[in-house]
Amino acid sequence: MSLPADFLWGFATASFQIEGATKQDGRGPSIWDTFCEIEGKIAHGANGDVACDSYNRTAEDIKLLKELGAKCYRFSLSWSRIIPLGGRNDPINQKGLDHYVKFVDDLLEAGITPFITLYHWDAPDALDKRYGGLLNRTEFPLDFESYARVVFKAIPKCKNWITFNEPWCSSILAYSTGYFAPGHTSDRTKSPIGDSSREPWIVGHNLLVAHGRAVKVYREEFKPANGGQIGITLNGDYTYPWDPEDPEDVKAANRKIEFAISWFADPIYFGKYPDSMLEQLGDRLPTFTDEERALVQGSNDFYGMNHYTADYVKHKTGAAHEDDFLGNLETTSYDKNGNCIGPETQSFWLRPNPEGFRGLIVWLSKRYGYPPIYVTENGTSIKGENDLKPPEILNDEFRVKYFHDYAHALAKAVSEDGCDVKGYMAWSLMDNFEWAEGYETRFGCTYVDYEGGQTRTAKESGKQMKGLFDSLIKND
Ligand code: GBH
């Protein structure tokens, strides 16, 4: 069991979760700055104003990456730092742009390969106010295209680009459940605006088109001279039928992956939405115009995979509720025979199941013709971790085991199942702003002391990552 000699591994983060400095050097507000101000949306009323202060600590973060032996680093750009109002006719904030140019220079100088995510959920707030942000089918893709061009032009040294992180979350969590910014939902106890039966499907469509536009720009205007590759990052859990003997549960388990992943990946690889979604959603799923389809189909140089957990799936009978986004099914932690999917963590949705990682890599590879895959996120929280302090909190055995088991499952998918996985980025380089959960839930391989001046101390999981991958990567 092994990984190829040129296999890349490293860590991942996202701008709003680590940067802080939300008002520094001309940055404009993002939808998350605004969302954090609404009472009750974020645990303990936390916000991203300071976070890990990474905007002011790039040297420290690079030193940490070097110490841990990382070969690559995935991070995202704050769009509203670069274009404070976000739009294609709005001014560029040179200071914000220069910050990322220098950061990439410094990473390369340290021998670390940058992977840049253009969008990890922090849309410029001005665009949301101006025309409804991600809901706008014409304006949003054009503004995203323009922002992407500004960045591609300024950072030709970066060769690895991800357009969107987890468009499923930007659609479902932000426009169906209202759990994420800008918090739209049909549930009027949570939001005065939103239509959970329609808005998420419109947003998903617009994100696909925006992705396609950015890829076209990259391929036509930059790739010929700079080389490099570009793709989208999708999230999805693996699934097992609750009752493996029941064909309806077997179908539902597959359908859940289609609703999470194929919603975006089928249009990108096949030019159409999955039949299971068309059947359930009918005309609530937008139809691709010929121009849109041409932009979207064939738009991945690689598949970016975020993966954390697996579920048992039980089919539901009768027609789906109009707000359903799972595929008319329910998920459980125990199957019919009482088998448990995996141990509890601090995150209600996350239970480690390493076999499911291998299962999903194989599922994706078969459906999409064995594309090159980069695992752009994988990691775990630990139940009660935030109650600990150093030195106890640094000894994160549960996370060490998680990474060990998941890395071995990945190596099997590569060496035994023939999947083409080229790289792996652990979530996360350090503890950070965990969205609606604020700073309560930690995902870091590095401990961040939020009360003690944001100092970073590597946890065992961070320190052991190099040894883990060295043991799996062939050295020829
Ligand atoms: C990642 O998403 C994010 O990219 C990253 O920013 C974040 O810090 C990290 O997870 C840890 O949470 O509410 O029942 O519908 C992970 C994928 C998909 C996990 C949606 C939570 C919500 C389940 N996420 N899922 S539910």
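**Exercises: a ligand site and two cavities**

A polar side-chain atom of Glu377 lies 2.9 Å from an oxygen atom of the ligand. The model is a predicted one. Work through the three exercises with the structure open.

**Exercise 1. Polar contacts of the ligand**

Task: Decide whether Glu377, Asn165 and Glu434 fall inside or outside the polar contact cut-off of 3.5 Å.

Solution:
- Step 1. Take the cut-off: a polar contact is a pair of N or O atoms within 3.5 Å.
- Step 2. Start with Glu377. Its polar side-chain atom is 2.9 Å from a ligand oxygen.
- Step 3. Go on to Asn165. An N or O atom of the Asn165 side chain is 3.1 Å from an oxygen of the ligand.
- Step 4. Check Glu434. Here the distance from a side-chain N or O atom to a ligand oxygen is 2.4 Å.
- Step 5. Add the cover. Alone, the ligand exposes 590 Å², and the protein buries 83% of that.
- Result: Glu377, Asn165 and Glu434 fall inside the cut-off of 3.5 Å.

**Exercise 2. The shell around the ligand**

Task: Find where the ligand sits, and describe the residues around the ligand by class.

Solution:
- Step 1. Place the ligand. It sits in the largest pocket.
- Step 2. Find the nearest neighbours. There are 18 residues around the ligand, and Gln17, His120, Glu166, Glu434 and Trp435 come nearest.
- Step 3. Sort the shell by class. It holds 10 nonpolar, five polar and three charged residues.
- Step 4. Look for the main contributor. Helix H8, residues 167-175, gives the most to this shell, with three residues.

**Exercise 3. Two cavities**

Task: Describe the largest cavity and the second largest cavity by volume and lining.

Solution:
- Step 1. Count. There are three cavities of 30 Å³ or more.
- Step 2. Take the largest cavity. Its space is about 120 Å³. The lining has 15 residues, and Ile18, Glu19, Ser54, His99 and Phe103 are closest to the centre.
- Step 3. Trace its walls. Helix H1 (15-18), helix H3 (58-68), strand S2 (72-76) and helix H5 (94-109) each supply at least two lining residues.
- Step 4. Class that lining: seven nonpolar, six polar and two charged.
- Step 5. Move to the second largest cavity. Its space is about 60 Å³. Among its lining residues are Trp32, Tyr119, Leu134 and Phe180.
- Step 6. Trace these walls too. Helices H2 (31-36) and H8 each give at least two residues. H8 has the largest share, four residues.
- Step 7. Class this lining: 11 nonpolar, one polar and no charged.
- Result: the largest cavity has two charged lining residues, while the second largest has none.

Definitions and conventions:
Residues numbered from 1 in each chain as written. Predicted model: local features only at pLDDT ≥ 70, side-chain atom pairs only at ≥ 80, totals over all residues. Heavy atoms only, no water. Near = heavy atom within 4 Å. Polar contact = N/O pair within 3.5 Å; in protein donor to acceptor, adjacent residues only side chain to side chain. Areas by Shrake-Rupley, 256 points an atom, 1.4 Å probe, with all protein chains shown as cover. 1 Å grid on protein atoms, 1.4 Å probe; cavity = no way out; pocket = protein on both sides within 12 Å on 5 of 7 lines; lining within 4 Å. Sits in = over half its atoms within 2 Å of the grid points. Nonpolar A, V, L, I, M, F, W, Y, C, P; charged D, E, K, R; others polar. Points joined across faces, edges and corners; volume = space filled by probe spheres on them.
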